[in-house]
Amino acid sequence: MTASSSLTDLLHAAVTAVGGSERPGQVTMAEAVAEAIDGDAHLLVQAGTGTGKSLGYLVPALAHGERVVVATATLALQRQLVERDLPRTVDALHPLLRRRPQFAMLKGRSNYLCLHRLHEGVPQEEEEGLFDPFEAAAPSSKLGKDLLRLRDWSDETETGDRDDLTPGVSDRAWSQVSVTSRECLGASKCAYGAECFAEAARERAKLADVVVTNHALLAIDAIEGAPVLPSHEVLIVDEAHELVSRVTGVATGELTPGQVNRAVRRAAKLVDEKAADALQTAAESFERLMELALPGRLEEIPEDLGYALVALRDASRTVISAIGDTRDRSVQDEDAVRKQALAAVESIHAVAERIVEGSEYDVVWYERHDRFGASLRVAPLSVSGLLREKLFSERSVVLTSATLKIGGDFNGVGASLGLAPEGIEGDDLPQWKGVDVGSPFDYPKQGILYVAKYLAQPGREGSRSDMLDELAELMEAAGGRTLGLFSSMRAAQAAAEELRGRLDLPILLQGEETLGELIRTFAADARTCLFGTLSLWQGVDVPGVNCQLVVMDRVPFPRPDDPLMSARQKAVEEAGGNGFMAVAATHAALLMAQGAGRLVRATGDRGVVAVLDPRLATARYGSFLRASMPDFWYTTDRNQARRSLAAIDAAAKADEK
């Protein structure tokens, strides 16, 4: 790496190129990242909103000269990096580095248009026949219009990346023109291999100095053993607070009756009658059991479910072997039909076998969905060991986010990533350092954290009429400008329904329109309020006067009946730890830190974060949760909160005139 003065020059050039201004925290971050990369070390960096953390890691990474993979959790940040930050930064650094680093985006295969699917049609289930979806879908239907637009787009797109299609199409339409990695024929066997968008993306990634990807693909690369990402010396994980949940999602298996029945139909024409009948019988037994399934964790697999899963596993194994041995020339485009059938049956075999084997490190549970019925799921009790083994070996890893210090230190997040407490040494323990570079915002002067201490403690049921009264008064004092963050969709719906009848303010509700459209409408009108749940706690960026009150209805602990969270909590307790603090309180702290971060997005922003749950002020864990949030001025005085909101509203209206 270059000397610190050279790094400062590089950072100055990059910041100027993107039209920003240098901040002390950004300089500190860039120096810490450069030191970690040069020393083959691991680093956790908390960089508050407004720090400019993208350049804080891109500049030292580009200066280092070795290949870097940057993994992000959200599409918005991927696009910002590839379309704005990287092009400008590379242009700015080119004269100083005397080389032009190349960069590329890489996603999972199903994110790219498959030309084979597009031109040859989709192998469908037996009762639907094999058909060309472009001919079968009525041109006037939504699906038909989407498919025709996809066909036109295929002639003009350079990337085939779904996210480059504007406006987008439904998941159903996209599934007609895309394949998973298991369903793909492979470039050497596919008639369209030379033109394949996914293969082209992989080739670009192999040549790039910086590869931008997502957490899910990073998890697949780590878990499945077959490398998807090109070899790299440095890994940077942005939005790192999301990594554990994304890795858990990739490592979670699921079985549903619908999924099993689709696999039966796809395989039926490709195997002998005996093998097909055995899989059909196993599928029927599984479906009958699932009709009676009650939601909840299965600490032991019931005997009847065990028999059904063994039958599914064994029948699937037979079908997998049989598909590989037979050829059926009567089937049109047999290779594609065979590959799709194999992918479906292999997935069932893998999940059934995993549950039957019954690892003590897995959690198994039933879920029931109002629309989709019952499912059987299996997930790892913890991904920390997997991350320690796969993530932190043979490369330098930098993890960054606005929220990595939970309860005042990095050890909680570090433990979830498989890291020992900072400073603890051991032969098999990755060594790491935590750095908090702060924020350019003056939180105590820009924001107030108000806790409604006088309210009744929220129970699992009940209307919480006192909370709704408090919310209505706060929203009126603020003149609208309210982002309502609720712990459940049911609570958000109930609040919207009640307050739409009480207040002369427009109230938008998540689910009534696309999230992007809701946020745009909210940002455009000061009087408008937006209510919603999980994705709003992390996904809203509305600087300025139109978001000056952020309300949390309650501390967002996991549901007590959440099978995975409760299993993780129990495991910590059995190991002698505090399960509630390690799992439930840490989960809530991360969400509250993210939620509170919606308020101040620019140096001129002012407002109030109101938590309508007295436990934040009265419970022993309250100080832990507050220590995880921005350092706002703190009060439990309801009149102070109202006066402040009214003053902010008056100032905003005066500025508008």
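**Helix packing, internal cavities and local geometry**

In helix α11, residues L243, V244 and V247 meet L386, L387 and L391 of helix α16. This contact belongs to a predicted model. The axes of α11 and α16 lie 11 Å apart, and the two helices pack at an angle of about 100 degrees. An angle of 65 to 115 degrees counts as roughly perpendicular, and α11 and α16 are therefore assigned to that class. By residue class, the contact of α11 with α16 comprises six nonpolar residues, with no polar and no charged ones.

Several residues of this contact also appear around an internal void. The lining of the second largest cavity includes L243 and V247, together with L386, L387 and L391. The remaining lining residues of this cavity are L218, A219, A222 and I223. The space enclosed in the second largest cavity amounts to about 40 Å³. At least two lining residues come from each of α10 (215-223), α11 (243-250) and α16 (384-391). Helix α10 makes the greatest contribution to this lining, with four residues. The lining of the second largest cavity is made up of nine nonpolar residues, and neither polar nor charged residues are present in it.

A search of the whole structure yields two cavities of 30 Å³ or more. The largest cavity holds about 250 Å³ of space. It is lined by 24 residues, of which C114, H116, V179, C184 and L185 are the closest to its centre. Two or more lining residues are given by each of the elements α5 (115-120), α9 (197-207) and α15 (334-357). In terms of class, 14 nonpolar residues line the largest cavity, along with five polar and five charged residues.

Helix α15 also takes part in the lining of an open site. The second largest pocket, with a volume of about 410 Å³, has 22 lining residues, and those closest to its centre are R297, S359, E360, Y361 and D362. At least two residues of this lining are supplied by each of α15, β8 (362-369) and α23 (563-574). The greatest contribution to the lining of the second largest pocket is that of α23, which gives five residues. Here the lining divides into 12 nonpolar, two polar and eight charged residues.

A second helix pair was examined. Helix α12 (residues 257-268) packs with helix α13 (residues 273-291) at an angle of about 170 degrees, and their axes are 9 Å apart. Angles over 145 degrees count as roughly antiparallel, and this description therefore applies to α12 and α13. On the α12 side, the contact is made by P257, V260, N261, V264 and A268. Helix α13 contributes A276, L279, Q280, A283, F286, E287 and M290. The residues of the contact of α12 with α13 comprise nine nonpolar, two polar and one charged.

Aromatic contacts were also considered. A pair of aromatic rings is described by the distance of the centres and the angle of the planes. With ring centres required to lie within 6.5 Å, the count comes to seven aromatic pairs. For F486 and F531, the ring centres are 5.1 Å apart and the planes stand at 55 degrees, so the pair is classed as tilted. This pair links distant parts of the chain, with the two positions 45 residues apart in numbering. F486 is located in the loop between β13 (482-485) and α20 (489-502), whereas F531 belongs to strand β15 (residues 529-532).

Two features of the backbone complete the description. A cis peptide bond, with omega of about -10 degrees, joins T166 and P167. P167 is placed in the loop between α7 (142-156) and α8 (171-175). At D40, a residue other than glycine, phi takes a positive value near 50 degrees. D40 is likewise found in a loop, the one between α2 (24-38) and β1 (42-46).

Technical notes:
Residues are numbered from 1 along each chain as its sequence is written. This is a predicted model: local features need pLDDT of at least 70, side-chain atom pairs count only at pLDDT 80 or more; totals for chains, interfaces and linings use all residues. Side-chain values use heavy atoms; hydrogens and water are left out. On a 1 Å grid over the protein atoms alone, a cavity is a set of points where a 1.4 Å probe fits but cannot get out, and a pocket is an open set with protein on both sides within 12 Å along at least five of seven lines; lining residues have an atom within 4 Å of a point. Grid points are joined across faces, edges and corners, and a volume is the space filled by probe spheres set on the points. Ala, Val, Leu, Ile, Met, Phe, Trp, Tyr, Cys and Pro count as nonpolar, Asp, Glu, Lys and Arg as charged, and the others, Gly among them, as polar. Axes are lines fitted to C-alpha atoms, for helices over the stretch in contact, and angles run from 0 to 180 degrees between N-to-C directions. Angles under 35 degrees count as roughly parallel, over 145 as roughly antiparallel, 65 to 115 as roughly perpendicular and the rest as oblique. Contact means heavy atoms within 4.5 Å. Rings of Phe, Tyr and Trp (its six-membered ring) pair if their centres lie within 6.5 Å; planes under 30 degrees apart count as stacked, over 60 as edge-to-face and the rest as tilted.
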